[in-house]
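Let's take a friendly walk through a protein fold together. Have the sequence and the 3D view ready, and look back at them as you read.

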Amino acid sequence: MSQDSHGPAPVTIIVNARPHTWEAKEITFEQVVELAYPGQPPNDQDTYTVRYSRGHDGHGTGSLTAGHSVRVKKGMVFDAYRTSRS
């Protein structure tokens, strides 16, 4: 497996306390949810909240909302929460 010299080097990010190797410069809200809840596609009953910390300067902490993305860096931490409406 050769490293693409044009792509970013893989980094390890933490999603819900589990390490994941990430190979893109950015990660989307939807990708974080998929890493946090693999094989559980969002549905109308579930609402997701994604918060992150240890990000890039000026964006060290924050929340990620549907349709948005954030630049990743090594050791960045994401917490994804699922809330179900009953």
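Which residue stands opposite Ile14 in E7? The partner is Val77. Before going further, a word on what you are looking at: this is a predicted model, in which local features need pLDDT of at least 70 and side-chain atom pairs count only at pLDDT 80 or more, while totals for chains, interfaces and linings use all residues. Residues are numbered from 1 along each chain as its sequence is written, and side-chain values use heavy atoms, leaving out hydrogens and water.

**The sheet**

Helices (H or I, at least four residues) and strands (E, at least two) are DSSP runs, numbered from the N terminus. Five strands form an open sheet in the order E2-E1-E7-E4-E5, with mixed pairing. Its edge strands are E2 and E5, each of which pairs on one side only. On average, neighbouring strands here are turned by 30° against each other, direction ignored; the axes behind that angle are lines fitted to C-alpha atoms.

Two strands pair if DSSP finds at least two bridges between them. E1 and E7 pair in the parallel sense over two bridges. E4 and E7, in turn, pair in the antiparallel sense over eight bridges, and Tyr48 stands opposite Arg82 in E7.

**The helix**

Helix H1 covers residues 29-36, and its buried residues (under 20% relative accessible area, with a 1.4 Å probe and protein chains only) are Phe29, Val32, Val33, Leu35 and Ala36. Seen down the axis of H1, these residues fall within an arc of 160°, so they line one face of the helix. The arc is that of the directions from the helix axis to the C-beta atoms. What covers them includes strands E1 (11-15), E2 (18-22) and E3 (26-28), where contact means heavy atoms within 4.5 Å.

**The aromatic pairs**

Rings of Phe, Tyr and Trp (its six-membered ring) pair if their centres lie within 6.5 Å; planes under 30 degrees apart count as stacked, over 60 as edge-to-face and the rest as tilted. A search of the whole structure finds two such pairs.

| Pair | Centre to centre | Angle between planes | Type |
|---|---|---|---|
| Tyr37 and Tyr48 | 5.5 Å | 55° | tilted |
| Tyr52 and Phe78 | 6.1 Å | 50° | tilted |

Tyr37 lies in the loop between H1 and E4 and Tyr48 in strand E4, so their pair ties together parts that are 11 residues apart in sequence. Tyr37 and Tyr48 are both buried. Tyr52 lies in strand E4 and Phe78 in strand E7, so this pair ties together parts that are 26 residues apart in sequence. Tyr52 and Phe78 are buried too.

Conventions:
Buried < 20%, exposed > 50% of the residue type's maximum accessible area, 1.4 Å probe, protein only. Axes fitted to C-alpha atoms, helices over the stretch in contact; angles between N-to-C directions.
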